[in-house]
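The following exercises concern the geometry of a protein model. Please examine the sequence and the structure before attempting them.

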Amino acid sequence: MKSESSLSSIDIVTTPNNLERPLHVLEKPKVLLVRPPQLFYFGVWPKGPRLGLPIGLLSIATYLKDRRIDVEVYDCFVEGDTFKGNTFNPSNSVFSGNLVNQWIRNFEDGGVAAKDIKNKEEMLHFGASWGQLKKDLKRLQPDIVGLTNLFRENTNETIKAAELIRQVLPDTVIVVGGPNASALPEYILDESPAVDIIGLGDGERIMHEIVEWVQGNRSLSTIESIMYRDSKINVSTPKRELLTDLDELGHIDYNLLKLERYFTYERNGIMARNKLSYDGAERSVSLVTSRGCPYKCSFCSIHIHAGRKYRRYSVEHVLDHIENLTKKHGVNHIHFEDDNLTLDRKRFMELMNGIIDRKLKFTWDTPNGTFANALDEEMMVLIKKTGCTYLIVAPESGDQWVIDNVIGKQPLTLDNVTRIFQLAKKIGIDMQAFYIIGFPRETLKQINTTLEFAMDALKKYDVLPHMAMARADPGTDLFAEAQMNGHLVTDVAVSNTGGVHSDMFTRHLIKNKEFDPESLGKINESFHRTAIRVSSIKTLKHLLRKPSIALSSISYFFKNFRKSETIRDNIIKLFFCRLFYLNSLSRISEYENKQKIA
Ligand code: SF4
């Protein structure tokens with residue numbers, strides 16, 4: 001672990017490939033797929049970046065391996081000679097000194113302006129050092145390197161990694177892919193002369209065809225959905241037809257990852273996602289059963305990478321995948337990362353029933369949210385039976401006019417959202433909800449309607465709110481509208497200081513006649529203060545009513561207490577990983593009792 005300031009700068013080296021033909025034609029090129037290390041500001045619990053498995057790289061690696069291509073995954077998060085999985089333990093938080101502020105950051109998802117960060121020296125480097133990466137690149141000598149760039153927040157590290165690779169391996173072909181690369185291909189090519197090719201969208205077939213190009217079996221211009229530099233001009237090839245039957249991508253080969261290292265981190269509190277935490281649930285993985293979403297929410301950039309067509313793995317394929325994870329790799333918690341897991345009701349019901357029929361034992365959640373209109377009571381009962389610890393829905397707004405006319409999330413109705421909240425409470429499923437405030441055509445009155453809706457849902461149905469300020473990402477309708485009408489406010493920020501992921505990045509917030517980012521930030525903070533008070537009081541009342549849960553939580557607190565962290569952080573962990581799950585807790589204590597008997 002090093003602070004950013006101690007890193008030496010890396011010289012930019014221009015690519016030697018003119019790309020009409022590869023510099024070296026190789027019969028058996030070696031491919032290395034890399035997730036770069038990350039820089040981020042840390043806040044409170046969990047203390048580390050989002051640690052999820054690099055599932056995109058893993059799928060590409062599986063696809064290449066199935067075609068007998070020499071491929072390896074190098075995930076900087078778990079690489080390094082000194083890996084212990086418990087060494088990442090920052091002692092200060094950028095929000096230290098104020099418990100309420102720390103608490104709020106765990107609920108918020110809006111990012112923090114760089115100017116508000118007190119001590120920039122606290123920016124930390126997570127994962128293998130640049131020196132370690134350099135050493136390993138020299139040892140591994142790949143002919144093609146694929147870099148993943150998932151979030152806007154990771155753009156700088158991606159570019160830095162590309163430049164380092166070019167410095168160490170001047171002849172290597174460097175490809176960058178992932179959702180952010182798909183959204184900003186020209187920016188990355190212009191900013192980094194070291195990068196040769198940007199892959200746009202699904203990476204499996206693109207990387208395979210790049211291997212074929214290096215083998216001398218095709219020209220680069222025949223590879224669809226890529227962008228590359230030709231005589232200093234960025235050239236895009238035609239868009240490829242999206243793969244609809246995802247089974248064609250094969251069965252994920254987890255032996256391509258150092259899986260146990262991720263679980264070691266989880267045991268030490270650096271988690272893939274915030275999740276309900278109980279004994280034995282540390283072995284969690286992220287899994288995607290579908291790609292793409294047919295809806296057109298104005299703020300959403302998913303279509304740029306994954307398209308608007310809902311594409312899926314077959315139910316049998318997903319069940320085999322889960323069986324492999326639970327039975328061969330000891331996984332006991334799955335984060336379904338689909339953008340819309342419940343969109344196809346028939347398929348979803350088959351999946352849930354298949355889990356029951358095959359007696360697959362694990363708990364699960366949906367960190368990216370589900371579409372409330374697609375849910376009904378029969379589905380909710382199966383969701384509970386199959387071990388869902390929390391379900392997230394994304395109404396986005398509490399004002400139907402804003403949903404219909406500003407966000408464009410039709411056919412979502414607030415009546416349906418409320419119906420699902422009621423059902424969840426009745427059946428005993430913990431719910432969380434995503435909301436966004438601050439769209440260009442939104443009024444303060446409409447924002448207040450959303451705040452009231454969210455607070456009402458928390459008070460009546462225990463629905464934990466995640467209230468974010470609208471962020472306009474390039475490529476979205478929201479960005480186009482805000483840019484055209486002069487509503488954009490651009491600054492440099494760090495994102496998710498609760499510890500998810502973050503380097504400095506440029507963000508675009510919104511202002512209009514009634515609000516600006518500063519006034520909106522205050523409204524948001526005040527909302528979260530109230531939400532936290534309400535949640536905490538609810539939790540305490542629940543504990544008084546259910547002494548067995550109070551006892552098991554005390555035992556959890558002492559068992560999971562980390563001396564290396566402050567008492568405050570341990571208390572925050574207790575609430576965010578356990579006590580805010582009012583409905584699930586009853587089931588969890590039953591589960592733990594059964595475990596003890598077993
Ligand atoms: S439903 Fe979700 S994934 Fe689909 S467009 Fe809207 S925000 Fe994006």
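Four exercises with worked solutions follow.

The model is predicted, local features need pLDDT of at least 70, side-chain atom pairs count only at pLDDT 80 or more, and totals for chains, interfaces and linings use all residues. Residues are numbered from 1 along each chain as its sequence is written, and side-chain values use heavy atoms, with hydrogens and water left out.

**Exercise 1. Determine which residues surround the ligand, and how they divide by character.**

Step 1. A residue is near a molecule if one of its heavy atoms lies within 4 Å of it. The ligand is surrounded by Cys-293, Tyr-295, Cys-297, Phe-299, Cys-300, Ile-302, Asp-339, Asn-340 and Lys-409.

Step 2. Ala, Val, Leu, Ile, Met, Phe, Trp, Tyr, Cys and Pro count as nonpolar, Asp, Glu, Lys and Arg as charged, and the others, Gly among them, as polar. The shell then divides into six nonpolar, one polar and two charged residues.

**Exercise 2. Describe how helix 14 packs with helix 15.**

Step 1. Helices are DSSP runs (H or I, at least four residues), as are strands (E, at least two), numbered from the N terminus. Axes are lines fitted to C-alpha atoms, for helices over the stretch in contact, and angles run from 0 to 180 degrees between N-to-C directions.

Step 2. Helix 14 (residues 414–427) and helix 15 (residues 444–461) pack at about 20 degrees, their axes 10 Å apart. The two helices are therefore roughly parallel to each other, a term for angles under 35 degrees.

Step 3. For the contact (heavy atoms within 4.5 Å), helix 14 supplies Leu-414, Val-417, Thr-418, Phe-421, Gln-422 and Lys-425, while helix 15 supplies Phe-453, Ala-457, Lys-460 and Tyr-461. Six residues of this contact are nonpolar, two polar and two charged.

**Exercise 3. Establish the strand order of the open sheet and its edges.**

Step 1. Strands pair if DSSP finds at least two bridges between them. The six strands have the order 11-14-15-16-17-18, with parallel pairing.

Step 2. Strand 11 (284–287) and strand 18 (464–469) are the edge strands, each pairing on one side only. On average, neighbouring strands are turned by 20 degrees against each other, direction ignored.

Step 3. Helix 10 (residues 315–328) packs on the sheet, touching strand 11 and strand 14, and its direction makes about 165 degrees with that of strand 11.

**Exercise 4. Locate the cis peptide bond.**

Step 1. The bond joins Gln-410 and Pro-411, with omega about 5 degrees.

Step 2. Pro-411 is found in the loop between helix 13 (400–407) and helix 14. Most peptide bonds are trans.

Technical notes: Angles under 35 degrees count as roughly parallel, over 145 as roughly antiparallel, 65 to 115 as roughly perpendicular and the rest as oblique.
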